[in-house]
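Me: I've got a protein model open and I'd like to go through it with you. Can we take it step by step, with the reasons spelled out?

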Amino acid sequence: MNNKINSSYSKIGNAEIVRAEKLLGIRLPESMKKFYLENNGGMPECDVLPENWSGAGHLYFIPYK
C-alpha cells in the first residue's frame, strides 16, 4: 500500500538526522530516516488504524523541526 503523506513540513537533510541520533543517543532505523528525509512528518492520506484504536484523533507524524 502506498499511503501518501499530507501536510509534510520543510525537507531536512542527513545533518539533522545525525544531530537527532546524537541527542537521543541511539541509531534510528533506516526506514525511519528515509521517512523523515522524504516527508518530515505529516498525516497519512489514509488512516490504517485498528478498529479498537483508543488514541485521540488521527495518526500524525511529528516533524523534526
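Me: In what order do the elements of the chain run from the N terminus on?

Reply: They run β-α-α-β. In total the secondary structure comes to two helices and two strands. Keep in mind that this is a predicted model.

Me: How much of the chain counts as buried?

Reply: Of its 65 residues, 26% do. As for contacts with a separation of 6 or more, 67% of them come from residues 24 or more positions apart.

Me: Let's start with helix 1. What makes E16 buried?

Reply: Buried means under 20% relative accessible area. E16 has 14%, so E16 counts as buried. E16 sits in helix 1, and once you leave aside its neighbours within four places in sequence, its contacts are Y64 and K65.

Me: Which residues of helix 1 are buried, and how do you know which side they are on?

Reply: The buried ones are E16, I17, A20 and E21. Around the axis they cover an arc of only 140°, so they are on the same side of helix 1. Here's the background: an α-helix has 3.6 residues a turn, so residues three or four places apart point the same way.

Me: What do those buried residues pack against, and what is on the face turned away from them?

Reply: They pack against helix 2. The face turned away carries the exposed residues N14, K22 and L23. Right after helix 1 comes G25, with a positive phi near 70°.

Me: On to helix 2. Which of its residues are buried, and why can you say that they line one face?

Reply: K33, F35 and Y36 are the buried residues of helix 2. Looking down the axis, you find them within an arc of 160°, so they line one face of the helix. These buried residues pack against strand 1 (5-6) and helix 1. Exposed residues E30, S31 and K34 are on the face turned away from the buried side.

Me: M32 lies in helix 2 as well. Why is M32 called partly exposed?

Reply: Partly exposed is what falls between the two cut-offs, under 20% for buried and over 50% for exposed. M32 has a relative accessible area of 37%, so partly exposed is the right label. M32 and I17 are 15 residues apart in sequence, and their C-alpha atoms are 9.8 Å apart in space.

Me: How many aromatic pairs does the structure hold, and what makes the pair of F35 and Y36 edge-to-face?

Reply: The structure holds one aromatic pair. F35 and Y36 are 5.1 Å apart centre to centre, with 85° between the planes. Rings pair if their centres lie within 6.5 Å, and planes over 60 degrees apart count as edge-to-face. Set side by side, 5.1 Å and 85° satisfy both conditions. Both F35 and Y36 are buried, too.

Me: What comes just after helix 2, and why does N40 count as buried?

Reply: N40 comes just after helix 2, with a positive phi of about 50°. That is a positive value in a residue other than glycine. N40 has 0% relative accessibility and the cut-off is under 20%, so N40 counts as buried. You'll find N40 in the loop between helix 2 and strand 2 (43-44).

Me: And strand 2? Is M43 buried, partly exposed or exposed?

Reply: M43, which lies in strand 2, has a relative accessible area of 29%, so M43 is partly exposed. The C-alpha atoms of M43 and F61 are separated by 6.2 Å, though the two are 18 residues apart along the chain.

Me: Last stop, the largest pocket. What is its volume, and which residues line it?

Reply: The volume is about 160 Å³. I12, I17, A20, L24, L28, M32, Y36, I62, P63 and Y64 line the pocket. Helix 1 (14-24) and helix 2 (30-38) each supply at least two residues of that lining, and helix 1 gives the most, with three residues.

Me: How do the residues of that lining divide into nonpolar, polar and charged?

Reply: Ten are nonpolar, with no polar and no charged residues. Ala, Leu, Ile, Met, Tyr and Pro are among the types that count as nonpolar.

Methods
Residues numbered from 1 in each chain as written. Predicted model: local features only at pLDDT ≥ 70, side-chain atom pairs only at ≥ 80, totals over all residues. Heavy atoms only, no water. Phe/Tyr/Trp six-rings, centres within 6.5 Å; stacked < 30°, edge-to-face > 60°. Buried < 20%, exposed > 50% of the residue type's maximum accessible area, 1.4 Å probe, protein only. 1 Å grid on protein atoms, 1.4 Å probe; cavity = no way out; pocket = protein on both sides within 12 Å on 5 of 7 lines; lining within 4 Å. Points joined across faces, edges and corners; volume = space filled by probe spheres on them. Helix = DSSP H or I, 4+ residues; strand = E, 2+ residues; numbered from the N terminus. Contact = heavy atoms within 4.5 Å. Arc of directions from axis to C-beta.
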